[in-house]
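Dear colleague,

I am passing on a structure for you to look at, and below it you will find some notes on what turned up. Please keep the structure open while you read.

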Amino acid sequence: MQREQWGTRMGFILAAVGSAVGLGNIWRFPYMVADNGGGIFFLVYLFALLTAGIPIMILEFGIGHKYRGGAPLSFAKMNRKFEWLGWSQVIVCFFIAVYYVVVIAWALSYFYHSFSLGYAGDPAGFFFGNVLGLTDGPFELGGIQTQLLIPLAIAWAVNFFAIYTGVKGGIERLAKILIPTLFIMVVIIALRGSTLPGSAAGLNFMFDPDFSRLFDFKVWTAAYGQIFFDLSICFAIMITYSSYLPKRSDITSNAFTTCLTNCGFSLLAGIAVFSILGHMAFTQGVAVNDVAGAGVGLAFVTFPAAIATLGSVAPLFGMLFFLALALAGITSLISINEAAIAALMDKLALDRKVVTVIYTAVAASCSLLIATGAGLYILDIVDHFTNNFGIVFGGLIQVLLVGWFFKLKSLQDHINSVSDIKAGSWWVFSIKIITPLVAGYTGIMTLISDIKVPYENYPQEALLVMGWLVLAVIVVGGFLVSRLKWKDKEVLLIEGVRDNDR
């Protein structure tokens with residue numbers, strides 16, 4: 001079967017940026033900054049970008065481009081013993097898609113309520129009560145919150161349309177519309193926010209480094225986890241997207257462009273959020289850190305309250321912000337699901353349309369669990385375990401396997417044969433030494449911390465079922481699926497030859 005291709009290089013870049021730029025940039029990045037020492041987090045984040053983000057992006061672009069498959073197929077072509085890792089990454093994608101789409105539904109719901117500023121009077125009560133219908137614990141489901149069904153259906157419908165209609169006709173076409181629109185909206189918010197009274201205090205809070213937290217492993221864990229989450233690396237997406245590149249494609253240039261654009265957007269989103277939070281703190285006469293450190297509630301509780309302080313333009317800014325949040329999420333959701341769907345197409349030799357229909361039906365049904373009154377608890381636990389363990393340890397194993405148990409030189413030669421910027425010794429050193437050391441240390445320290453103190457003091461049985469069991473499914477499921485036979489064994493050949501050094 002002829003593999004699909006991107007129509008243009010710009011189309012690929014926009015789709016890759018669309019994958020990287022997501023809720024993580026607007027919803028997660030600002031509150032990660034707030035929770036981890038302000039500016040010091042940003043410095044550690046930049047270090048993580050240079051030592052892990054860009055090198056791994058080059059690695060994954062190179063793998064996908066050379067081996068022409070989703071993550072399981074590409075790893076299987078490199079070494080059949082590596083295939084399980086690809087499937088584990090695909091399962092991570094599935095878990096993330098199931099809760100990620102619900103956050104998009106929240107954003108779409110807030111976009112609708114921005115017309116009347118329905119959330120302005122009591123932002124916390126509106127979010128936890130009207131939107132979430134939050135129950136008292138993770139096992140108290142409380143039923144599906146029907147007010148979320150329409151936005152949830154819209155998010156799944158857009159995702160379905162993009163993937164069903166193919167790489168060039170669906171994913172690329174949508175990225176060309178949504179990504180420029182998203183950037184324009186966030187620039188408008190940042191420009192207006194930066195001119196508000198008190199905005200400087202918010203920006204100082206974001207950029208002033210608290211050096212006392214420089215050696216706090218939680219800051220490093222959060223920064224590296226954010227890089228993996230931000231850039232959509234180490235969970236199958238970028239390998240899949242690069243497998244659709246034409247043969248003559250500049251790998252390192254594409255990787256640098258994608259990473260730097262994503263991080264530039266994170267910075268822009270941070271300026272937009274913190275300038276308006278600075279204005280909110282100014283109007284209330286409190287410090288910025290008194291309004292900024294609110295976890296997931298930052299986007300859906302604190303920011304709506306901040307928007308309400310903007311007077312007559314508040315509805316417009318509310319619509320802009322939450323539509324931007326939703327668009328960023330949708331472009332990433334498409335890539336997350338495409339990684340899983342492409343892997344199934346490779347393995348089962350099935351048509352894209354058939355796999356898309358079945359996969360979407362299953363994933364959409366599962367996402368209803370996150371739309372219940374206990375959804376926020378479940379989301380929080382699953383997010384913590386998939387990101388801090390599933391993705392971080394998946395990334396660690398990936399660089400160890402490819403860096404130390406595969407002929408990395410053959411991949412480096414392939415990358416350099418098509419790239420203007422050469423992946424030299426700095427790239428090899430990052431893949432083989434720096435990333436394994438830092439990711440291994442931070443992952444192990446987080447693991448020890450979670451063993452000593454239950455995450456967010458959730459009941460142990462909830463952490464067992466929604467956290468540790470999810471991890472077990474990711475690991476064991478990867479091994480089990482890799483044991484299944486490929487429907488078409490010809491796909492395992494590399495340019496017609498069974499030779500993993502090529």
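A residue is called buried when its relative accessible area is under 20%, exposed when it is over 50%, and partly exposed in between. Please bear in mind throughout that this is a predicted model.

With that cut-off in hand, His279, which lies in helix α12 (residues 251–284), counts as buried because its relative accessibility is 8%. Leaving aside residues up to four places away in sequence, His279 touches Leu196, Pro197, Gly198 and Ser199, and also Thr309 and Leu310.

You may also wonder about the cysteines: how many disulfides does the structure hold? The number is zero, and for Cys259 the distance shows why, since its sulfur is 6.5 Å from the closest cysteine sulfur, that of Cys263, which is too far for a bond. A disulfide would need the two sulfur atoms to be within 2.5 Å. Cys259 is buried, with a relative accessible area of 0%, and Cys263 is buried as well, at 9%.

Finally, there is a nonpolar patch on the surface, of about 470 Å², which is made by Leu348, Leu350, Val354, Val357, Ile358 and Val362. Helix α16 (residues 352–367) gives the largest share of this patch, with four residues. Val354, which has its place in helix α16, is partly exposed, because its relative accessible area of 40% falls between the limits for buried and exposed.

With best wishes

Conventions:
Residues numbered from 1 in each chain as written. Predicted model: local features only at pLDDT ≥ 70, side-chain atom pairs only at ≥ 80, totals over all residues. Heavy atoms only, no water. Patch = residues over 30% accessible without salt bridge, like charges linked within 9 Å, V, L, I, M, F, W, Y side chains within 5 Å. Areas by Shrake-Rupley, 256 points an atom, 1.4 Å probe, with all protein chains shown as cover. Salt bridge = Lys/Arg side-chain N within 4 Å of Asp/Glu carboxyl O. Helix = DSSP H or I, 4+ residues; strand = E, 2+ residues; numbered from the N terminus. Buried < 20%, exposed > 50% of the residue type's maximum accessible area, 1.4 Å probe, protein only. Contact = heavy atoms within 4.5 Å.
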